[in-house]
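Here are some notes for a first look at this one. Have the 3D view open while you read.

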Amino acid sequence: MSSTEDKVLIETRRLKKYFPVPAGFLHAVDDVNLTINKGETLGIVGESGCGKSTLGRVILRLHEATSGDVLYDGMNVNDFTDDEMRYMRQNMQIIFQDPYASLNPRMTIGQIIEEPLKLHKVYEKAEERRKRVEELMELVGLPMRSYNQYPHEFDGGRRQRVVIARALSINPQFIVCDEPVSALDVSVQAQILNLLMDLQKKMQLTYMFISHDLSVVKHISTNIGVMYLGQLIEKAPKSAIFSEPLHPYTIALLSAIPSINVLQKSKKIILKGEITSPINPKVGCRFAARCPFATEKCRTENPEFVEVKPDHFAACHRWQEVADGTLKFDV
């Protein structure tokens, strides 16, 4: 690949999704610009309600964007017709948070995994589809005896393996993983994360991995994006996010990660102030009401999401002072 453009699989440009509510419009996704390179994982983190899942769904066109562009390998999927989008579904899939809720309880495991093959007419013969389902079951670590079993007979980890097998059945290149391990036990979480990483290497998959758990995101991600009230406020390689965060919200978020060292005194940053309403938000930084470093400029001017260091993007008027160590939280 000779250029950066050759490496980019997913790109969003000023992507917005507003939901109408009685008081106006809820800005669930607001002016998001990001790129995901082929074969890499972009982790998306933030508090509940910040727009992480909505962003993933808008990229897949499960929600129609209010405005902006979503480019898949240079093609704007927001311009696709229904038939073109139906074909594009073979390239873009999703793994949902709750595996039980996303599986049809009346279908066997074999039927569930086979369903996309029938829908997209990948194989004409039943024997070919059966063989493909068996290959997928082996790929995700499901025993063949599971073929005629039902979802209620499985635990959460094995249900999620079924969901993963179904998502992989039509050979997608891009998968949105919407908190795929948050409903699972810790030991099972590690198994599913390792499975996803192994599959990524084998099949050259590209992931958007959505989670509120920074430890999980650090384990699987290449780059990490931090969202706050519908906006992407920082994005960088995971090493830079954890070693040199430049946005005050990111710093506060990282301080909440539990330490495995019981002898080390935890220094958690407690944010004060009211969370700004995402309904018809006013001009200015949306974190300003909770940021101890906020100035009048922060409250009256929108900070631009710009590349402040190589591959490190931030939306903060005072990022330079944070980088210099001039601004520090009092903990």
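The points below go through the sheet, the helices across it, a pocket and a cavity.

1. Before anything else, keep in mind that this is a predicted model. The sheet is a good place to start: it is open, has eight strands with mixed pairing, and runs in the order β6-β7-β8-β3-β9-β10-β12-β11. Its edge strands are β6 (92-95) and β11 (306-309), each pairing on one side only. From one strand to the next, the twist averages 25°.

2. Now look at the β11 end. Here β11 pairs with β12 (residues 312-314) in the antiparallel sense, over three bridges. You'll find E307 opposite F313 in β12.

3. Two helices are worth tracing over the strands. Helix α2 (residues 52-59) lies across β3, β6, β7, β8 and β9, and it runs at about 150° to β8. Helix α10 (residues 248-255) lies across β3, β9 and β10, at about 105° to β9.

4. Next, the second largest pocket, with about 450 Å³ of space. It is lined by 24 residues, and D30, D31, Q231, N302 and P303 are the closest to its centre. Strand β2 gives the largest share of this lining, five residues, while β1 (8-21), β2 (24-37) and β10 (231-237) each supply at least two. By class, the lining has 11 nonpolar, six polar and seven charged residues.

5. Finally, how many cavities of 30 Å³ or more are there? The count is one, and the largest cavity has a volume of about 80 Å³. Closest to its centre, among 13 lining residues, are C285, C291, C298, C316 and H317. That lining divides into 10 nonpolar, two polar and one charged.

Definitions and conventions:
Residues are numbered from 1 along each chain as its sequence is written. This is a predicted model: local features need pLDDT of at least 70, side-chain atom pairs count only at pLDDT 80 or more; totals for chains, interfaces and linings use all residues. Side-chain values use heavy atoms; hydrogens and water are left out. On a 1 Å grid over the protein atoms alone, a cavity is a set of points where a 1.4 Å probe fits but cannot get out, and a pocket is an open set with protein on both sides within 12 Å along at least five of seven lines; lining residues have an atom within 4 Å of a point. Grid points are joined across faces, edges and corners, and a volume is the space filled by probe spheres set on the points. Helices (H or I, at least four residues) and strands (E, at least two) are DSSP runs, numbered from the N terminus. Ala, Val, Leu, Ile, Met, Phe, Trp, Tyr, Cys and Pro count as nonpolar, Asp, Glu, Lys and Arg as charged, and the others, Gly among them, as polar. Two strands pair if DSSP finds at least two bridges between them. Axes are lines fitted to C-alpha atoms, for helices over the stretch in contact, and angles run from 0 to 180 degrees between N-to-C directions. Contact means heavy atoms within 4.5 Å.
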